[in-house]
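Trainee: I've got a model open and I'd like to know how people back up the words they use for it. Can we go through it together?

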2 protein chains.
Amino acid sequence: MKNKIIRIKDIAERAGTSKGTVDRVLHNRGRVAEDVRERILAIIKELNYEPNRIAQSLKSQRTYHIAVLIPDAAVDSYWEAPLAGIERAEKELRQYGIRISRHVFTPHVVQSFLAKANEATKENPDGVLIAPVFYKEVMPFFENWKAQGTPYVLFNTQIESVDPLCYIGQDSYRSGSLAAKILSYGLPDPCSLLVLHINEDIPNSAHLITKEQGFRDYFLQNEKVSQYQVISRDIDAFDINIDAHLEEILTTDPVVKGIYVTNSKAFEVAAYLEKHGIEGIKLVGYDLLQPNLDYLENGRIHFLINQNPLGQGYWGIHQLANYLVFNQEIPPIKFLPLDIITKENLDYYLDPS
Amino acid sequence: MKNKIIRIKDIAERAGTSKGTVDRVLHNRGRVAEDVRERILAIIKELNYEPNRIAQSLKSQRTYHIAVLIPDAAVDSYWEAPLAGIERAEKELRQYGIRISRHVFTPHVVQSFLAKANEATKENPDGVLIAPVFYKEVMPFFENWKAQGTPYVLFNTQIESVDPLCYIGQDSYRSGSLAAKILSYGLPDPCSLLVLHINEDIPNSAHLITKEQGFRDYFLQNEKVSQYQVISRDIDAFDINIDAHLEEILTTDPVVKGIYVTNSKAFEVAAYLEKHGIEGIKLVGYDLLQPNLDYLENGRIHFLINQNPLGQGYWGIHQLANYLVFNQEIPPIKFLPLDIITKENLDYYLDPS
DNA sequence: TTGTATGCGTTATCAT
DNA sequence: ATGATAACGCATACAA
C-alpha cells in the first residue's frame with residue numbers, strides 16, 4: 001500500500017527546506033528564492049500533492065454567510081422542495097463555516113420581493129442564492145452585487161445576459177422537446193397537441209416560451225412525426241373560471257389528443273377532464289406537487305417531468321460553498337436532469353438522497 | 001448570528017471540568033464520577049452538541065481497506081460505469097482514510113471469480129463491495145465474511161436471504177412494471193408484447209425473472225390494459241445465430257408490436273430490426289452502453305431504463321465508508337432511481353455529477 | 001529569504 | 001477520578 005498521502009512536510013523534507021517555504025510557494029506569496037521555488041514546484045508535481053481539505057477547513061475558522069431569496073412556500077408549495085434542498089446543504093456545510101439567512105418573499109408581490117432583496121443586500125453576505133422570478137425588478141440588485149463582488153447563483157429561472165456565478169435548473173428548451181417526444185410517442189395517430197401556459201405572471205415567463213419552442217421544434221426536427229398540429233393557449237392562473245376556457249379550447253378544436261402544460265398546474269387540467277369525464281387525452285406536466293401526484297396515481301396525468309427542485313436548492317448552496325470555501329472553478333450553468341416520472345418510478349424521486 | 005458551533009471545550013467550561021472528562025463521558029470510557037457524568041450529559045443535550053467530523057477525521061489516522069469484487073469491464077463494458085463510480089468515491093474518501101483494492105474477475109468464468117474472491121478475502125479487508133453475479137459460488141464467502149465480522153455490500157444483483165450491510169441497485173420488479181407502462185403507453189391498440197431474456201448465464205438470472213413478473217403484473221393490476229398478450233422467450237447470448245431465433249419468434253407471432261429486453265442487450269434486437277427493415281415495433285431495454293445509445297439516437301430503441309450503474313459503485317463505497325468511518329446506520333436496501341432515458345434527456349445521465 | 005511556533009477540535013496518553 | 005498535553009495537516013504571524 002504505497003498509497004501514502006503526501007503532506008506539506010513530506011515535500012519540505014524532500015526539498016531540504018521547511019514547511020513554511022513550501023507553503024509560501026503553494027500560495028504564491030513570494031519571498032522565496034527562485035531556484036528553491038522551482039525545486040519545490042517540481043516535487044509537488046512529481047508527488048502529485050493535493051492539499052488536505054479536512055485540515056484546511058479545520059484551520060480556517062472563517063464563516064461564510066449566504067443569503068437566500070426565495071418565494072414563500074406557504075403561498076406556493078412548489079418552493080418547499082428547494083427549501084428542503086437548501087436545508088440539507090446547510091446541514092452538510094455548517095462545519096465548513098457556511099451560514100445561511102433566508103429572505104422569504106410573497107410570490108407575485110413585487111413590493112415584498114424588493115423589501116426582502118434590500119434586506120438581504122444590507123446583510124452584506126458573502127454570496128447570494130436567488131430564484132429570480134421578478135425579471136425586471138431583480139436587475140438592479142444584480143448590478144449592485146456585481147459591483148460589490150458578491151457572487152450570486154440563480155436557480156429555477158434562467159435569465160440571459162446577467163452574469164451569475166452559476167445558473168442551476170433545467171434546460172427549458174430540451175424540456176419542451178422531451179414533452180413533445182413523450183406525447184407523440186403515446187399518440188401514434190394524427191391529431192392536435194395543445195401547449196397550455198397556465199400562467200401566473202405573464203411578463204416573467206420567458207422560460208415557458210422557450211419550452212414551447214422546444215416542443216414545436218421537436219416536430220420540425222423529426223419529419224416522421226409531422227402528423228401533429230400544435231396549437232398553444234394562454235390562461236391566467238388567477239382567472240376564476242379556468243374551466244370555461246378549457247371547455248372553449250377543447251370544443252373548438254375537438255381533435256386535441258395531447259396536452260402539454262408548461263408549468264406545475266397540470267392538475268387543473270386533470271381536474272377538468274375528470275369532472276367532465278373526458279377520456280383519451282394524454283396529459284404531460286411538471287413537478288411532483290401533491291395534486292399532480294394524485295392525478296398521476298389515478299392515470300389522468302400520464303407523465304410528469306421533474307425539475308428536481310430539491311436539487312436546485314441543494315446544488316445552489318453547494319456551488320456557492322465550492323466557490324467560497326474551496327476556491328473551485330464553477331461552471332456557469334448546471335442543468336439538472338429532466339427526470340421522466342410515472343406512477344411506477346415516482347417513489348425514487350420523492351425523497352432523493 | 002447565535003449559531004455558534006459547540007465544542008467539547010465549551011461543554012467542559014460550562015460543566016466546570018476539563019476536556020478530558022467530557023471526552024470520557026462522550027465515549028463512555030468510565031473513570032468519571034457519576035454526578036459529573038450526569039451534569040455533563042445534561043449540558044451536551046442542552047447545547048445540542050454535535051462532534052466536529054472534520055476534526056475527528058483529521059485526528060484519526062486510521063485507514064480502512066475496502067476490497068472490490070467486480071467483473072472485467074474489458075470483457076463486458078457494462079462494468080465501466082460502476083468502476084467509474086468507485087473511482088469517484090475513492091477520490092472523495094481518500095482523505096478520510098479509505099483505501100480500495102480491486103479484484104477483477106472474468107465474467108462467466110467461475111474459476112476466475114473464485115480465485116479473485118479468495119484473493120480479496122486473504123487481504124482481510126475492513127469491508128467488501130461485490131457484484132455477486134455468481135449466485136451459488138458466492139454463498140460460502142458471505143458466510144466467511146459474516147463470521148469474520150467483515151461487512152459486505154452487494155450491488156447490481158440482489159440476493160435474498162443473505163445478510164449484507166446493504167444492497168444497492170434497482171428494484172427489478174418495479175423495473176419490469178415500468179417497462180410495461182412505457183410499452184403499453186406507446187401502443188394504444190391491442191397487440192402482443194414480447195419479453196426477451198437475452199441471457200448470458202441462465203442459472204444466475206433470478207432478477208430477470210423478477211423483471212418479467214413485474215412486467216406481467218402491471219397488466220393484471222391495470223384492467224384497462226388487458227388488451228395485451230404477453231409472451232416471453234429466452235435466448236442464449238452466446239448463441240451464434242441470434243438472428244435466426246428472432247426471426248422465428250417474430251414470424252410465428254406476427255402481431256408483436258413491443259419488445260422488452262430485460263438486460264443491456266437491446267442493441268442486438270435493434271440491429272436485427274434495422275437489418276431487416278422491420279418498422280413499427282417499440283423497443284425498450286436497459287443501460288446506456290454505446291451500441292444502445294446509437295440505436296436510441298436513430299430511433300430503433302425508443303426508451304432505455306437506466307440502472308445508474310455509476311451510482312451503484314459510487315454509493316456502494318460511500319455506504320461502506322459511512323459505516324466504517326462515520327459509524328452511521330446503514331439502511332439494508334438502497335434502491336436507485338429507475339431513470340427513463342430518451343434521446344432528449346440522455347445527456348444529463350451520461351456524466352452525472 | 002527562511003524556519004519556527006501556535007492554534008483549529010478531537011482524541012489518547014500520561015501524570016497527578 | 002481528573003486535568004494537562006501532544007498530535008493530526010495546514011496556515012500564518014513572527015523571529016531569525
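**A helix and its cover**

Mentor: Sure. This is a predicted model, and we can start with helix α1(A), whose buried residues are covered by, among others, α2 (19-26) and α3 (34-47) of chain A.

Trainee: Which residues of α1(A) are the buried ones?

Mentor: In α1(A), residues 8-15, they are Asp10(A), Ile11(A), Ala12(A) and Ala15(A). Buried means under 20% relative accessible area, so each of these four falls below that cut-off.

Trainee: And what comes just after α1(A)?

Mentor: Gly16(A), which takes a positive phi of about 65°.

Trainee: How much of chain A is buried?

Mentor: Buried residues make up 54% of its 353 residues. The chain has 14 helices and twelve strands, and its C-alpha trace spans about 85 × 50 × 35 Å along the principal axes.

**A strand inside chain B**

Trainee: What makes people say that strand β6 of chain B is largely enclosed?

Mentor: Count the buried residues: nine of the nine in β6(B), residues 191-199, so the rest of the structure largely encloses the strand.

Trainee: Which way do those residues point?

Mentor: Cys191(B), Leu193(B), Val195(B), His197(B) and Asn199(B) point one way, while Ser192(B), Leu194(B), Leu196(B) and Ile198(B) point the other way. That fits the general rule: in a regular strand, side chains alternate between the two faces of the sheet. In β6(B), the residues pointing either way are buried.

Trainee: Why is β6(B) said to pair with β7(B)?

Mentor: Pairing takes at least two bridges, and nine join β6(B) to β7(B), residues 228-236, so the two strands pair. They run parallel, and Asn199(B) has Asp236(B) as its bridge partner in β7(B).

Trainee: What about β8(B), with how many bridges?

Mentor: Five bridges join β6(B) to β8(B), residues 256-261, so these strands pair by that cut-off too. They also run parallel, and Leu196(B) stands opposite Val261(B) in β8(B).

**Two copies**

Trainee: How do you know how chains A and B are related?

Mentor: Superpose them: a rotation of 179° with 0.2 Å of shift along its axis puts chain A on chain B, with an RMSD of 0.4 Å. The two copies are therefore related as by a two-fold rotation axis. Within chain A, the residue closest to that axis is Gly186(A), with its C-alpha at 2.0 Å.

Trainee: What makes you say the copies meet through the same surface?

Mentor: 100% of the interface residues of chain A are interface residues in chain B as well, so the same surface is used.

**Beside the DNA**

Trainee: Why does Gln56(A) count as making a polar contact with DNA strand D?

Mentor: The cut-off is 3.5 Å between N or O atoms, and a polar side-chain atom of Gln56(A) lies 2.6 Å from a phosphate oxygen of that strand, so the pair qualifies. Tyr49(A) also has a side-chain N or O atom 2.8 Å from a phosphate oxygen, and for Asn52(A) a polar backbone atom is 3.2 Å from one.

Trainee: Which element gives the largest share of the surface near DNA strand D?

Mentor: That's α4(A), with three residues.

Trainee: And how many residues surround the strand?

Mentor: 24, with Asp23(A), Gln56(A), Thr17(B), Arg24(B) and Ala33(B) the closest. On the DNA side, sugar and phosphate account for 62% of the strand D atoms that come within 4 Å of the protein. The surrounding residues divide into eight nonpolar, seven polar and nine charged.

Technical notes:
Residues are numbered from 1 along each chain as its sequence is written. Chains are lettered from A and ligands numbered from 1 in the order in which they are written. This is a predicted model: local features need pLDDT of at least 70, side-chain atom pairs count only at pLDDT 80 or more; totals for chains, interfaces and linings use all residues. Side-chain values use heavy atoms; hydrogens and water are left out. Buried means under 20% relative accessible area, exposed over 50%, partly exposed in between (1.4 Å probe, protein chains only). Contact means heavy atoms within 4.5 Å. Copies are superposed by least squares on the C-alpha atoms of residues with pLDDT of at least 70 in both. A residue is near a molecule or strand if one of its heavy atoms lies within 4 Å of it. A polar contact is a pair of N or O atoms within 3.5 Å; within protein, one must be able to donate a hydrogen and the other to accept it, and residues adjacent in sequence count only if both atoms are side-chain atoms. Ala, Val, Leu, Ile, Met, Phe, Trp, Tyr, Cys and Pro count as nonpolar, Asp, Glu, Lys and Arg as charged, and the others, Gly among them, as polar.
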